[in-house]
Amino acid sequence: MGMALIFIFLFLLSSISSSYGYDSLDPDANITITWDLMLDNGNTYDLRVSLYNFQLFRHVERPGWKLSWTWKGDEAIWDMWGAEATQQGNCSRFRGQFLPHCCEKQPVIVDLMPGARYNKQFSKCCKEGLLSSMTQDPSMSVAAFRMNVNKASAGNISGDSSFMPMNFNLGLPGYTCGVPFQVPPTMFKEDGSRRWTQALETWNVTCIYSQFQASPAPKCCVSLSAFYNSTIVPCPQCSCNCQGLAGGKCVKSGETPSLLEQPHANEEDPQPLVRCSPHMCPIQVHWHVKNSYREYWRVKITITNLNFVKNYSMWNLVVLHPNLGNVTQVFSFNYHPLNSYAYINDTGMFWGIQYYNDMLLQSGPSGNVQTEMLLHKVPGIFTFREGWTFPRRITFNGDECVMPPPDQYPRLPNTAHTHSDTPTLSILSFSLLLLLLL
């Protein structure tokens, strides 16, 4: 009987897909590709392709999306607006004054840069491939382009005769796209919303993110401290990597990485080159319980970039904590509650203020951003005991950070008064915190 249970357990474990991307903090998260057939011209047809980021806190940063697919026949893209193919390919089968924009079997499409020629722009284009999350800036969470496609020649279509290609890919680490499925035609507003038009056909492709596929190791970790305890709990050792192991290259304190080792192009996301530490993470988040007042308590959050080769644009931090439903004020950051489940309000999202701290600079004197927040104490619920004041979960840019074990959280001294409104402050813990953040 015992061997049978072990066999069943191993079978269930092996059946879990590595692409599983469900996130309880954002259960409906996905990027949807919408493929609209706008006009059939006989030998060619016009398409509108849109990318919708339906993720609450995960965004697409530089170097941006690179959308690709596989044509079922020998289709060719005659022209494009709002985007461009990275390769023209072999167009020798066409004869004439003009050649198609792209003849690749598997075209790779990228967004246009800001300031692109006006006659090549299209609605929602020209953002360098960046897509904001729905919470930070919904208006920047959509990208779109239009293209005119030459139909496949007769007898050159594999499979059914549908114009829909297959094998869609966003060109982003961690994302897996499903098969296209037909949906009701998209409706478009015209003439100041007084008239509606619609596509001839509409197909959707859903792409899901998996942190396990995006990276073999975590990308951030969390350290903790509190005014009532002199102990600073560091990030767990080897949270993201270990010094001396493969991929564990780092820069020692006081050294500056060679310019030749740093990337000079923005085409690919560079491999992290971090400051040497026991945890070897590019990002460290520190949570400090700073003050206690009669009706409120105060927390300081510091995000430190230890990566020498990357600035984090449009960064965000998501925190799961039972007292976030009682946030009174947040300083220096934007804040928005994430009510994924209507009856629970324990999750919130922080991000930088535009032109002030929305860019987390690479490792160095300015490579950190900080905030403080004031939270109301709920009688009968709030306590400093048993690590209640520390977060249950933290993610940075949508990737979960490694937390210290709960049994290591800073605890109240045995002689400490258990009343929640004791206004004490440990000068020693504050000094140690300053040393940690230097």
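Here are some exercises with worked solutions on the predicted model shown above.

**Exercise 1. Getting an overview**

Work out how many helices and strands the chain has, and what share of its residues count as buried.

*Solution.*
- Begin with the secondary structure: the chain holds 3 helices and 28 strands.
- Next, look at burial: 47% of the 438 residues count as buried.
- Then turn to the contacts with a separation of 6 or more: 73% of these are between residues 24 or more positions apart.
- Finish with the surface: the accessible area is about 22,700 Å², and carbon and sulfur atoms make up 56% of that.

**Exercise 2. Tracing an open sheet**

Find the order of the strands in the open sheet of 5 strands, and then name its edge strands.

*Solution.*
- Walking across the sheet gives β23-β24-β21-β27-β28, and the pairing is antiparallel.
- The edges are β23 (334–337) and β28 (399–400), since each of them pairs on one side only.
- Now zoom in on one edge: β23 pairs with β24 (residues 347–351) over 4 bridges, in the antiparallel sense.
- For a concrete contact point in that pairing, pick Pro337, whose bridge partner in β24 is Gly348.

**Exercise 3. A strand with two partners**

Strand β7 covers residues 142–150. Determine how many of its residues are buried, and how it pairs with β2 and β4.

*Solution.*
- Check burial along β7: 8 of its 9 residues are buried, so the strand is mostly covered.
- Take β2 (residues 44–53): this strand runs antiparallel to β7, with 9 bridges between them. Val49 has Phe145 of β7 as its bridge partner.
- Take β4 (residues 76–81): this strand is also antiparallel to β7, with 5 bridges. Here Trp81 stands opposite Arg146.

**Exercise 4. Following the disulfides**

How many disulfides does the whole structure have, and what do the pairs Cys177–Cys207, Cys221–Cys235 and Cys250–Cys276 link?

*Solution.*
- A disulfide is a covalent bond between the sulfur atoms of two cysteines. The search of the whole structure turns up 8 disulfides.
- Cys177 and Cys207 are joined with an S to S distance of 2.1 Å. This pair links distant parts of the chain, 30 residues apart: Cys177 is in β9 (residues 175–177) and Cys207 in β13 (residues 201–209). Both Cys177 and Cys207 are buried. The torsion about their S-S bond is about 100°, so this disulfide is right-handed.
- Cys221 and Cys235 have their sulfur atoms 2.2 Å apart. Cys221 sits in β14 (residues 220–226) and Cys235 in the loop between β15 (229–233) and β16 (250–251), so parts 14 residues apart in sequence are tied together. Cys221 counts as buried because its relative accessibility is 0%; Cys235 counts as buried at 7%.
- Cys250 and Cys276 have their sulfur atoms 2.0 Å apart, and with 90° about the S-S bond the link is right-handed. Cys250 belongs to β16, while Cys276 is in the loop between β17 (274–275) and β18 (283–292), so the pair ties together parts 26 residues apart in sequence. At 22% relative accessibility, Cys250 counts as partly exposed.
- For contrast, try Cys102, which is in no disulfide: the nearest cysteine sulfur, that of Cys103, is 6.6 Å away. A disulfide needs sulfur atoms within 2.5 Å.

**Exercise 5. Reading the salt bridges**

Locate the partners of Asp79, Glu386 and Arg393, and decide whether the residues of each pair are buried, partly exposed or exposed.

*Solution.*
- Side chains of opposite charge can pair when their charged atoms come close. The count for this model is 14 salt bridges.
- Asp79 pairs with Lys120, with 2.9 Å between the closest N and O atoms. They are 41 residues apart: Asp79 is in β4, and Lys120 is in the loop between β6 (108–111) and β7. Asp79 is partly exposed at 27%, whereas Lys120 counts as buried at 19%.
- Glu386 pairs with Arg411, with 3.0 Å between the closest N and O atoms. Glu386 counts as exposed at 60% relative accessibility, and Arg411 is partly exposed at 40%.
- Arg393 meets Glu400 at 3.5 Å, N to O. Arg393 counts as buried at 15%, and Glu400 as partly exposed at 35%.
- Close with the network: salt bridges that share partners join Asp23, Arg58, Arg393 and Glu400.

Note on methods: Residues numbered from 1 in each chain as written. Predicted model: local features only at pLDDT ≥ 70, side-chain atom pairs only at ≥ 80, totals over all residues. Heavy atoms only, no water. Helix = DSSP H or I, 4+ residues; strand = E, 2+ residues; numbered from the N terminus. Buried < 20%, exposed > 50% of the residue type's maximum accessible area, 1.4 Å probe, protein only. Contact = heavy atoms within 4.5 Å. Areas by Shrake-Rupley, 256 points an atom, 1.4 Å probe, with all protein chains shown as cover. Pairing = 2+ DSSP bridges. Salt bridge = Lys/Arg side-chain N within 4 Å of Asp/Glu carboxyl O.
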